[in-house]
Amino acid sequence: PKTDIVFLKVHKSASSTVMNILFRFGETHNLTFAFPIGGGNQLFYPRHFLASFVQGFSPRSPQRFNILCHHMRFLQPEVQKVVSSSAIYFSILRNPVQLMESSFMYYKGTSAFSRARSLEEFLSQPYSYYNPSKGDSHYARNLMTFDFGFNPDGEVSAERVQLMLKAIEASFDLLLISEYFDESMVLLKEMLCWDLDSIVSFPLNSRDSSTKSPLPDTIVEKIKNWNRLDWEIYTHFNRTFWERIDQDFGRERMQREVKVLQERQTELARTCLQGMGSVAPKDIKDSSLRPLQHGSAKILGYNLKQGLDKETEHMCRRLVTPELQYSSTLYKKQFSQKHP
């Protein structure tokens, strides 16, 4: 199994679920994480990543960390200072239309979104709300472009788009697609040489469907135009994702593997969860399993079954522990030896 990994955690793209998979694998195999200084869940985002943001990094005695997966704005020369040169790089993308709708709900308090009563209103005249010089403007336009380290307000010329896609291809071994999450996990498992139980997961940090509504076509087109760079990234890597499946796997084998994965997840849900699925934040009984609530989105969580044996309880709890709680547990574990 590969143990040196860089995951660029792109916002609002099922990346918290992927992070849980990396946390569990790292904990099981006693790997080191490149944590932000002082803990926390962001590597001084939205600044471009610097090696000095990582706790325990020193240019004089460069320690290499196994897993880098906290939110950052990608800058490869700096990333290379904290991980092994053989590290596998991957990220995950989401359809920019759903991504924008999700960002609007989740980052409602930001400068660009706070005054717009609806996404529709924002898109009708974005520049009356959006000011690129504001420190939080990146949440409102080409968020994936920004997370990959590029300028979200750059011009959309064919040449520039090509350069951007080539740069991403040169840096990353695999780009997953959140709309095809199970297929993505099968590809990831294959690339990392992991076993099935290492990549099973329950969706984390997802929001209640009561706040979601289908978008009319006119809005969809406006979102694509406003996020044209993201749209170019997404359509390109969605295409190469399926090309890779056809080349390395074939659709039939992929279907079989996805079925095995889904059956295992159903089995785990039956073992671990009360009522098999996620619940609203107010219905989460164990407060240590309650995810951070943000903006006007209702973030769902889980209730574990009572009376599980110790080993099963531990396995189940790790599957449903929200990102912030899990991260802080691992941080304390990694640095406890040094600060008794």
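This is a short walk through one structure, from its sheet to its helices, its loops and its aromatic rings.

Okay, hi everyone. Before anything else, please keep in mind that this is a predicted model.

Let's start with the sheet. It's an open sheet of 4 strands, in the order E2-E1-E3-E4, and the pairing is parallel. The edges are taken by E2 and strand E4, residues 174-177; each has a single partner strand, so one side of each is left without a neighbour in the sheet. As a quick reminder, strands of a sheet pair through backbone hydrogen bonds, either parallel or antiparallel.

Now go to strand E1, residues 5-8. Which way do its side chains point? Ile5 and Phe7 go one way, Val6 and Leu8 go the other way, and all of them are buried. E1 is joined to strand E2, residues 67-68, by 2 bridges, and the two run parallel. If you want a spot to click on, Ile5 stands opposite Ile67 in E2. Over at E4, the pairing is with strand E3, residues 88-93, again in the parallel sense and over 4 bridges. There, Ser91 has Leu175 in E4 as its bridge partner.

Next, the helices, and I've picked two of them. Helix H3 covers residues 96-106, and 10 of its 11 residues are buried, so it is largely enclosed by the rest of the structure. Among those buried residues are Pro96, Met100, Glu101, Phe104 and Tyr106. What do they pack against? The buried residues of H3 pack against helix H4 (119-124), helix H5 (143-147), helix H9 (217-226) and H10.

Helix H11 is my other pick, residues 251-272. With 22 residues at 1.5 Å a residue, H11 should span 32 Å, and its end C-alpha atoms are 31 Å apart, which agrees. The buried residues here are Met254, Glu257, Val258, Leu261, Arg264, Gln265, Leu268, Ala269 and Cys272. They cover an arc of only 140° around the axis, which puts them on the same side of H11. So what sits on the face turned away from that buried side? That face carries the exposed residues Glu252, Gln255, Arg256, Lys259 and Arg270. As for neighbours, the buried residues of H11 pack against helix H7 (181-192), helix H8 (196-199), helix H10 (228-248) and helix H12 (310-320).

On to the loops. Take the one between H1 and E2. Pro46 lies in this loop, between helix H1 (15-28) and E2, and the peptide bond from Tyr45 to Pro46 is cis, with omega near 10°. Asn30 is found in that loop too. Its phi is near 55°, a positive value in a residue other than glycine. Is Asn30 buried or exposed? At 66% relative accessibility, Asn30 counts as exposed. Phe44 is found in the loop between H1 and E2 as well, and its phi, near 50°, is again a positive value in a residue other than glycine. Phe44 has 36% relative accessibility, so it counts as partly exposed.

One more loop residue: Ser213, which lies between H8 and H9. At 48% relative accessibility, Ser213 counts as partly exposed. How far apart are the C-alpha atoms of Ser213 and Leu176? They are separated by 25 Å, for two residues that are 37 residues apart along the chain.

Last topic, the rings. How many aromatic pairs does a search of the whole structure find? The search finds 30. Tyr127 and Tyr130 form one that is edge-to-face, at 6.1 Å centre to centre with 70° between the planes. The two partners sit in contrasting surroundings: Tyr127 counts as exposed because its relative accessibility is 54%, while Tyr130 is buried, with a relative accessible area of 3%. Both belong to one aromatic cluster, made up of Phe104, Phe113, Phe122, Tyr127, Tyr129, Tyr130 and Trp226.

Trp226 has something else to show us: Arg141 lies over its face, at 4.0 Å from the ring centre. There's also Arg73, whose charged end sits over the ring of Phe146, 3.7 Å from its centre.

That's my tour. Thanks, everyone!

Terms used:
Residues are numbered from 1 along each chain as its sequence is written. This is a predicted model: local features need pLDDT of at least 70, side-chain atom pairs count only at pLDDT 80 or more; totals for chains, interfaces and linings use all residues. Side-chain values use heavy atoms; hydrogens and water are left out. Rings of Phe, Tyr and Trp (its six-membered ring) pair if their centres lie within 6.5 Å; planes under 30 degrees apart count as stacked, over 60 as edge-to-face and the rest as tilted. Buried means under 20% relative accessible area, exposed over 50%, partly exposed in between (1.4 Å probe, protein chains only). A charge sits over a ring if NZ of Lys or CZ of Arg is within 6 Å of the ring centre and within 35 degrees of the ring normal. The expected span of a helix is 1.5 Å times one less than its number of residues. The arc is that of the directions from the helix axis to the C-beta atoms. Contact means heavy atoms within 4.5 Å. Two strands pair if DSSP finds at least two bridges between them.
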